Amino acid sequence: MDLKQVKDIILEAGNFLKNREAAAHITVKGAADYVTETDKQVQDFIQKSLEKLYPEIQFLGEEKNNDEVDISGKAWVLDPVDGTTNLIHDYKRSSISLALANGGKIAAGIVYQPYTEELFYAERGKGAYLNGKRIYVSSAKTMEECLVSVGTDPYNKKELGEQVFRDIYRVFMDCQDIRRSGSAAIDLAETAAGRLDGFFEAKLNIWDYAAGQLLVEEAGGKVTDYAGNALECAMNSSVVCGNPAIHALLVEKYLR
């Protein structure tokens, strides 16, 4: 795989997110779950572009039926717009998240925030980068030092809402402050860059976390589910990350 070619595709696809007319065409998929014409345009463009270059690699995308995809093989994993509700409101905290899974592990990952023109990327064993500069997780050791981002999973409010806010409250009382961006991919990328010290969300799909997972790991951090287990390309899972010290605190004290 030529990572530069793939990055160029993602950068070009980012232009779709700036089209407010397409973002205004909204379809309701479920409770608090929306898809815009932008989501469809981005996925269609990236899928066709990747299939021309790598016809042998499977394609798993949020806006398609993925029953035929064997995630234990080689597969692209795409969230065309991570933060669709943000996009609808022109909140400018949405991203494109693309990962390459191979043999049950994430081999490469890209998260692009087109509004800030920040391209985060990583290949396994080669480090994590932001616009060409190597990035690392923070050096925080205590919760008192930490800015922690959270996800609230609006699709499962009735099932998870009360527990989610209990978890957030416990962390909030001990850390510097809490943030909630509405894009897990951005939160993972910014944890990799050391802007955030940790991030957690009770339920994410693989396209939400796959690219960001590798970014954090290649930046020296750790990513697991709430029980501390490796994610291993789970189709959906709880996700918690941070530098090794903060990840351990979140898992052992706050999220078990």
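**Exercise 1. Determine how strand 13 pairs with strand 14, and which residue of strand 14 is the bridge partner of T224.**

Solution. In this predicted model, strand 13 (residues 222-224) lies antiparallel to strand 14, and three bridges connect the two. Within that pairing, T224 has V240 of strand 14 as its bridge partner.

**Exercise 2. Find how many bridges join strand 12 to strand 14, and state how many residues of strand 14 are buried.**

Solution. Start with strand 12 (residues 198-205), which runs antiparallel to strand 14 and is joined to it by six bridges; the residue standing opposite N205 in strand 14 is N236. Then turn to the accessibility of strand 14 (residues 236-242), where six of the seven residues are buried, so that the strand is mostly covered.

**Exercise 3. Identify the residues that line the largest cavity, and the elements that each supply at least two of them.**

Solution. The search of the whole structure returns one cavity of 30 Å³ or more, and the volume of the largest cavity is about 30 Å³. Its lining consists of G151, V164, D167, I168, F200, E201, A202 and Y226, with helix 5 and strand 12 each supplying at least two of the lining residues. Helix 5 (residues 157-174) also holds Y169, which forms a nonpolar surface patch together with F172 and M173, the accessible area of the three being about 340 Å².

**Exercise 4. Describe the salt bridge between E190 and R93, classify both residues as buried, partly exposed or exposed, and place the pair in its network.**

Solution. The side chains of E190 and R93 meet with an N to O distance of 3.4 Å. This pair links distant parts of the chain, since E190 belongs to helix 6 (residues 184-192) whereas R93 sits in the loop between helix 4 (84-88) and strand 5 (95-102), 97 residues apart. E190 has a relative accessible area of 11% and is therefore buried, being under 20%, while R93, at 22%, is partly exposed. Through shared partners, salt bridges join R93, E118, E190 and R195 into one network.

**Exercise 5. Classify the partners of the salt bridges E68 with K64 and D90 with K92 by their relative accessibility.**

Solution. The closest N and O atoms of E68 and K64 are 2.8 Å apart; E68 is exposed because its relative accessible area, 52%, is over 50%, whereas K64 is partly exposed at 23%. For D90 and K92 the N to O distance is 2.8 Å, and here D90, at 35%, is partly exposed, as is K92, at 40%. These pairs come from a structure in which the search finds 13 salt bridges.

Methods: Residues numbered from 1 in each chain as written. Predicted model: local features only at pLDDT ≥ 70, side-chain atom pairs only at ≥ 80, totals over all residues. Heavy atoms only, no water. Patch = residues over 30% accessible without salt bridge, like charges linked within 9 Å, V, L, I, M, F, W, Y side chains within 5 Å. Areas by Shrake-Rupley, 256 points an atom, 1.4 Å probe, with all protein chains shown as cover. Salt bridge = Lys/Arg side-chain N within 4 Å of Asp/Glu carboxyl O. Helix = DSSP H or I, 4+ residues; strand = E, 2+ residues; numbered from the N terminus. Buried < 20%, exposed > 50% of the residue type's maximum accessible area, 1.4 Å probe, protein only. Pairing = 2+ DSSP bridges. 1 Å grid on protein atoms, 1.4 Å probe; cavity = no way out; pocket = protein on both sides within 12 Å on 5 of 7 lines; lining within 4 Å. Points joined across faces, edges and corners; volume = space filled by probe spheres on them.
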